[in-house]
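Work through the exercises below with the coordinates loaded. Each task is followed by a solution in steps.

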Amino acid sequence: GGACDPECTPKKVQFATSISDDVQRTFPYWIAEDSGVTLQSEQVHPKVELAVLMHHGAARNGNDYLCSMFNSVKQQFGAVYAAQRAVVFAPQVFFPEDNPGGGELYWDDEGSHSWAWGGNSTKELPASIASFEVYDEMLLALSNRTRFPNLKHLIVAGHSAGGQVMQRYALANRVDEDLGAAGLKPRYFPANPSSWTYLDAQRPVLPEKVECGDFCDNKTIAGTVYRFAASPSGGGRGCKGYNEYGYGLDGVTVPYVQARGVETMLKLYPGRDVTYLSGSSDICNKPLQTERECLSCKVDDGGLDTSCGGLSQGWCRMERAHAFAQHVQAHYKNASVHRLLAVPHVGHNGCAMVQSPEAREAMFGHITTSVVV
């Protein structure tokens, strides 16, 4: 649910990565045709003061995510501002089945667990690059003061599997502090992911059985102070791999994340500016609700992760977000580390999430500028 404007004219452009010369392929991303500002433009863009990265989910429809966020900026600041004073862009991860162009990078089809967890591009080429490394290079391109002399604000967002990407990227990336030193500290907004990367082996203590009537009630979740225990409960009870990387930080094999090291990531994470976005109507669990015949209407849970690792974090996305935000503060014993923003009346809809008044205020409310029509 939730209102949104999904329409714009997206334009696909290319980003030259550090392996592009070796593999003769570039990384595709989307911008609005109205804008025309690219990350590696040879031109100087003195008007640009805001940059926004918006990441797609498992459907790999970066063009749609671009329009959702471009229109959010337009609603906040006006059409001229969105086209001339902001650079809004949406990375595009392709699988072979998406028929990428002959000169475009792609990832092997191993599900979102590869690219959304920082994994490397296809093994079929002479060199590969981590998805997180590509985003590092994109953000560093924005810190080029010759090209973008007045860029002051950097938003990094994603929804669903894109929310997974951006929470893990906020935890693991190697460029946050350098960007901050250059006056461009990123602000991260992961929204409605199916799973989160927990910082230790603790998990929320969840009800063992749920019935249709008490299943993921949003008012109950919003008022719950979660307890945590060093073993999974609820739908994840007995799950052996509940803390493996992706769900937790055990057994990291992704090269980029491995190179960063768990100790370094945990040390830096509380200093990163992260807001967890949670749709207060993102409360579905299709397999469970279908099995129990809870609803007469069609249930859409956006492909909720119902593995035991996912269920260890909560019965639905809203519960997982609220529990995780509390986990982060419990882990650091500090209630001011990061924040959770509940977006009322919005379910699993990335467009409605980023165009909601609540998310727009959180992302852009600190930017003082006159509205340009």
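Start with Arg272, which is buried because its relative accessible area is 2%; buried means under 20%, exposed over 50% and partly exposed in between, with a 1.4 Å probe and protein chains only. The model is predicted: local features need pLDDT of at least 70 and side-chain atom pairs count only at pLDDT 80 or more, while totals for chains, interfaces and linings use all residues. Residues are numbered from 1 along each chain as its sequence is written, and side-chain values use heavy atoms, with hydrogens and water left out.

**Exercise 1.** Find the salt-bridge partner of Arg272 and place both residues.

Solution.
- Apply the rule: a salt bridge is a side-chain nitrogen of Lys or Arg within 4 Å of a carboxyl oxygen of Asp or Glu.
- The side chain of Arg272 meets that of Asp176 at 4.0 Å, N to O.
- Arg272 is in the loop between α10 (262–268) and β9 (273–279), and Asp176 is in helix α7 (residues 176–181), so the pair ties together parts 96 residues apart in sequence. Helices (H or I, at least four residues) and strands (E, at least two) are DSSP runs, numbered from the N terminus.
- Asp176 is buried, with a relative accessible area of 0%.
- Extending the search gives a network of salt bridges that links Asp176, Glu177, Lys185 and Arg272.

**Exercise 2.** Examine the salt bridges of Asp273 and Lys12.

Solution.
- Asp273 pairs with Arg187, their closest N and O atoms being 3.6 Å apart.
- Asp273 lies in strand β9 and Arg187 in strand β6 (residues 186–191), so this pair joins parts 86 residues apart in sequence.
- Asp273 is partly exposed at 22% relative accessibility, whereas Arg187 is buried at 17%.
- Lys12 and Glu104 form a salt bridge of 2.8 Å, N to O.
- Lys12 belongs to strand β1 (residues 10–15) and Glu104 to the loop between β4 and α4, so parts 92 residues apart in sequence are tied together.
- Lys12 is partly exposed at 35%; Glu104 is buried at 5%.
- The full count by this rule is 13 salt bridges.

**Exercise 3.** What surrounds the side chain of Arg203?

Solution.
- Arg203 sits in strand β7 (residues 203–204).
- Arg203 is buried and has no salt bridge; the nearest side chain of opposite charge, Asp200, is 5.1 Å away. Here Lys and Arg count as positive and Asp and Glu as negative; His and the chain ends are not counted.
- The side chains of Arg203 and Asn243 share a polar contact of 2.7 Å. Such a contact is a pair of N or O atoms within 3.5 Å; within protein, one must be able to donate a hydrogen and the other to accept it, and residues adjacent in sequence count only if both atoms are side-chain atoms.
- A polar atom of the Arg203 side chain also lies 3.1 Å from the backbone oxygen of Tyr247.

**Exercise 4.** Which is buried and which exposed, Asn99 or Ser160?

Solution.
- Phi is near 55° at Asn99 and near 60° at Ser160.
- Most residues other than glycine have a negative phi.
- Asn99 is in the loop between β4 (86–91) and α4 (112–115), and Ser160 in the loop between β5 (153–159) and α6 (161–172).
- Asn99 is exposed at 65% relative accessibility; Ser160 is buried at 10%.
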